[in-house]
Amino acid sequence: MACRCVVLQELEEGEGVKSKERISSSSASSCCYYGVSGSMNPKSRVEKVFPVSEMKSDGNPKSVGLRSECLDDPIWDIIRAEAKSEAEKEPILSSFLYASVLSHDCLERALGFVLANRLQNPTLLATQLMDIFDDVVMNDRGIQHAIRLDLQAFKDRDPACGSYSWALLYLKGYHSLQSYRVSHALWNQGRKILALALQSRISEVFAVDIHPAARIGEGILLDHGTGLVIGETAVVGNKVSLMQGVTLGGTGKEVGDRHPKIGPGALIGAGATILGNITVGEGAMITAGSLVLKSVPPHSMSAGNPAKVVGYVEEPDPSLTMKHDASKDYFEHLSHSVSGRSNGHSFMK
């Protein structure tokens, strides 16, 4: 079957880079990706393809010298090489690795196979789910783009993720995120009952509850994923990292726009609860266990219950560095607060 591949073509010098859609037949090692020039090996080539640090705040990749004459998929090449190596090291998994990776002609179909077999049940068969995923993903360039940026995010930011194939095959944070992307596409197509059915299975299997109407950007890390809840009108920007147990929820029975908006590059710590139609600014950090009820300024650090601004982060995108240790700034805040009260002044209202 022919795959819809999106190619970034470099024009004459000074004309910049623009995208061009073309249909091409898939080989066993290339499909549905943005090609890069050069004859370097896959592991070195992949670093030039969609590095999350190269994304603009609007989610579009910056020009990184991409060309149309090399229509391969570096991440997919690496995943296939990793699967072959792992099959040799662990022969008992060779059938699993062949069925999940090596028998497919592109990342999209491998991902569809993996998700379908994770989410199937006696009344929603794996073959039906594979058809759904194939129909959605193979015809949606945005999802094709996002699944790779998300893979890069997991590989770069999660020290427990030793390879791209680990995220594809074993990490439920990645699985739940990509399953959500399909349910979101179905929701936007008006197939809301199917989207809700898929959401229900995602919640049952992965313990991750993301409403299909929620809007989530690219280059996202759902670390562990367990207990994550994202409400219907929530918005999560590009390059955001969310730890386990995070809730982006409402504050009652109100209808309409009622859930948080998380800015690009934000880092949300484990067990943080953010409630209401409030904004967490770009590059902000919410420490673990915080209860956030008011908007958080960009590049600030909020902690506590209820959360207060306790400092500011040095990194423009704390989601990329994944530095969760707020103790120094927090205790400096406490010492200044106590000092201010002892002098008859309040450090922060």
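**The E16–E17 hairpin and its surroundings**

Strands E16 and E17 form a hairpin, with two residues between them. Strands here, of at least two residues (E), and helices, of at least four (H or I), are DSSP runs numbered from the N terminus. The model is predicted, so that local features need pLDDT of at least 70 and side-chain atom pairs count only at pLDDT 80 or more, while totals for chains, interfaces and linings use all residues. Residues are numbered from 1 along each chain as its sequence is written, and side-chain values use heavy atoms, with hydrogens and water left out.

The two strands of the hairpin, E16 (residues 300-304) and E17 (residues 307-312), run antiparallel and are joined by five bridges. Strands are taken as paired if DSSP finds at least two bridges between them. Within this pairing, Ala303 stands opposite Lys308 in E17. The loop between E16 and E17 contains Pro306, and the peptide bond from Asn305 to Pro306 is cis, with omega near 0°. On the other side of E16, strand E14 (residues 285-286) runs parallel to E16 and is joined to it by two bridges. Here Ile286 has Ser302 of E16 as its bridge partner.

E16 is mostly covered, with four of its five residues buried; buried means under 20% relative accessible area, exposed over 50% and partly exposed in between (1.4 Å probe, protein chains only). Ser302 lies in strand E16 and counts as buried because its relative accessibility is 2%. Apart from its neighbours within four places in sequence, Ser302 is in contact (heavy atoms within 4.5 Å) with Met285, Ile286, Thr287, Ser290, Val296, Ala307, Lys308 and Val309. Of these partners, Thr287 is 15 residues from Ser302 in sequence, and the two C-alpha atoms are 6.3 Å apart in space.

The hairpin belongs to an open sheet of six strands, in the order E5-E8-E11-E14-E16-E17, with mixed pairing. Strands E5 (221-222) and E17 stand at the edges and have a single partner strand each, so one side of each is left without a neighbour in the sheet. Further into the sheet, strand E11 (residues 267-268) pairs with E14 in the parallel sense over two bridges. In that pair, Leu267 stands opposite Met285 in E14.

Two residues in loops have unusual backbone angles for their type. Most residues other than glycine have a negative phi, and most peptide bonds are trans. His299, which is not a glycine, has a positive phi of about 60°. His299 is placed in the loop between strand E15 (291-292) and E16, and with a relative accessible area of 29% it is partly exposed. Ala207 also has a positive phi, near 60°. The loop that holds Ala207 runs between helix H9 (192-206) and strand E3 (209-210), and Ala207 is partly exposed at a relative accessible area of 35%.

Two helix pairs were examined. For helix H4 (residues 107-119) and helix H5 (residues 126-137), the packing angle is about 145° and the axes are 8 Å apart. Axes are lines fitted to C-alpha atoms, for helices over the stretch in contact, and angles run from 0 to 180 degrees between N-to-C directions. The crossing of H4 and H5 is right-handed, that is, the near helix is turned clockwise from the far one by less than a right angle, anticlockwise being left-handed. In this contact, residues of H4 including Glu108, Arg109, Phe113 and Leu119 meet residues of H5 including Leu129, Phe133 and Asp134. The contact of H4 with H5 comprises nine nonpolar, two polar and three charged residues. In this division Ala, Val, Leu, Ile, Met, Phe, Trp, Tyr, Cys and Pro count as nonpolar, Asp, Glu, Lys and Arg as charged, and the others, Gly among them, as polar.

Helix H6 (residues 141-157) and helix H8 (residues 172-188) cross at roughly 160°, and their axes come within 11 Å. H6 and H8 are therefore roughly antiparallel to each other, a term used for angles over 145 degrees, with under 35 roughly parallel, 65 to 115 roughly perpendicular and the rest oblique. Their crossing is right-handed. The contact joins Ile143, Ala146, Ile147, Asp150, Leu151 and Phe154 in H6 to Gly173, Tyr174, Leu177, Gln178, Arg181 and Ala185 in H8. By class, eight of these residues are nonpolar, two polar and two charged.

Overall, the protein has 11 helices and 17 strands, and 51% of its 349 residues are buried.
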